[in-house]
Amino acid sequence: MKSLISTIATLVIGLSTFAHEGHDKTPGALTAPHGGQLKGTSQLYVELVSDSSGFKLYTIDHDLKSIPIKDVKIEGTARLPKQKQSEKLALNTSESFMDTKVDAKGSHRYTVDLRVTYKGKTESVSFNVEPQE
């Protein structure tokens with residue numbers, strides 16, 4: 001029995017020496033510059049960063065460089081889980097992002113659907129948002 005335990009211990013220690021850094025990362029996965037969720041269109045990425053009262057939207061090119069928010073038109077709706085109708089979002093534009101307030105009405109999650117227009121092409125992206133406490 002002691003030899004079986006020592007064999008298993010040796011095997012586990014031996015296998016752990018083959019492990020190395022980076023195996024917790026998915027190859028080709030992108031890290032959002034502002035810590036939010038990234039969704040892509042054929043021309044750009046939209047990053048959604050949520051907080052307890054709503055969220056901010058950032059626009060980023062495929063090289064992860066910021067696109068001026070004035071160059072992009074975004075319209076959106078939010079839908080709570082038990083609602084059939086979506087509510088139109090009032091997006092406020094600042095120099096580097098858009099933001100809005102969302103009353104989640106106690107829901108732990110809601111869906112945001114966006115229509116993004118950039119360089120004359122309109123595409124859609126959707127986010128599942130969990131309000132941050």
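Biologist: How many bridges join strand β2 to strand β3?

Modeller: Keep in mind that this is a predicted model. Strand β2 covers residues 45–50 and strand β3 covers residues 54–60, and the two run antiparallel. One partnership to look for is Val 46 with Thr 59 in β3. The number of bridges joining β2 to β3 is six.

Biologist: And on the other side of β2, which residue there is the bridge partner of Lys 39?

Modeller: β1 and β2 also pair in the antiparallel sense, over four bridges. A hairpin of four residues joins them. Within β2, the bridge partner of Lys 39 is Val 46.

Biologist: Zooming out, which are the edge strands of the open sheet that holds these strands?

Modeller: That open sheet has five strands, with antiparallel pairing, in the order β1-β2-β3-β7-β6. An edge strand here pairs on one side only. That gives β1 (37–40) and β6 (92–93).

Biologist: I'd like to look at Thr 100. Is Thr 100 buried or exposed?

Modeller: Thr 100 sits in strand β7, residues 98–101. The cut-off for buried is under 20% relative accessible area. Thr 100 has 5%, so it counts as buried.

Biologist: Which residue's backbone oxygen lies 2.9 Å from a polar atom of the Thr 100 side chain?

Modeller: Start with the surroundings: leaving aside neighbours within four places in sequence, Thr 100 is in contact with Ser 53, Gly 54, Phe 55, Leu 89, Ala 90 and Leu 91. One of these also supplies the backbone oxygen at 2.9 Å from the polar side-chain atom, namely Ala 90.

Biologist: What about the four-strand sheet: what is its order?

Modeller: This one is an open sheet too, with antiparallel pairing. Its edge strands are β5 and β9 (121–129), each pairing on one side only. Reading across, the order is β5-β4-β8-β9.

Biologist: Which residue in β5 stands opposite Thr 77?

Modeller: β4 and β5 run antiparallel and are joined by two bridges. Opposite Thr 77, in β5, you'll find Lys 88.

Biologist: Which residue takes a positive phi in the hairpin of β8 and β9?

Modeller: Strand β8 (residues 110–118) pairs with β9 in the antiparallel sense over nine bridges. As a landmark, Val 116 stands opposite Glu 123 in β9. The hairpin has two residues between the strands, and the one with a positive phi, near 55°, is Lys 119.

Biologist: Any pockets? What is the volume of the largest pocket?

Modeller: The largest pocket has a volume of about 160 Å³. It is lined by 14 residues, and the closest to its centre are Ala 78, Glu 87, Leu 89, Val 102 and Asp 103. β4 (72–79), β5 (87–88) and β7 each supply at least two residues of the lining. To return to your question, the volume is about 160 Å³.

Biologist: How many charged residues are in that lining?

Modeller: Sorted by class, the lining of the largest pocket includes six nonpolar residues and two polar ones. The charged residues in the lining number six.

Biologist: Last one, for the protein chain as a whole: what percentage of the residues are buried?

Modeller: The protein chain has one helix and nine strands, with the helix coming before the strands from the N terminus on. Among contacts with a separation of 6 or more, 47% are between residues 24 or more positions apart. Of the 133 residues, the buried share is 29%.

Note on methods
Residues are numbered from 1 along each chain as its sequence is written. This is a predicted model: local features need pLDDT of at least 70, side-chain atom pairs count only at pLDDT 80 or more; totals for chains, interfaces and linings use all residues. Side-chain values use heavy atoms; hydrogens and water are left out. Buried means under 20% relative accessible area, exposed over 50%, partly exposed in between (1.4 Å probe, protein chains only). A polar contact is a pair of N or O atoms within 3.5 Å; within protein, one must be able to donate a hydrogen and the other to accept it, and residues adjacent in sequence count only if both atoms are side-chain atoms. Contact means heavy atoms within 4.5 Å. Two strands pair if DSSP finds at least two bridges between them. On a 1 Å grid over the protein atoms alone, a cavity is a set of points where a 1.4 Å probe fits but cannot get out, and a pocket is an open set with protein on both sides within 12 Å along at least five of seven lines; lining residues have an atom within 4 Å of a point. Grid points are joined across faces, edges and corners, and a volume is the space filled by probe spheres set on the points. Ala, Val, Leu, Ile, Met, Phe, Trp, Tyr, Cys and Pro count as nonpolar, Asp, Glu, Lys and Arg as charged, and the others, Gly among them, as polar.
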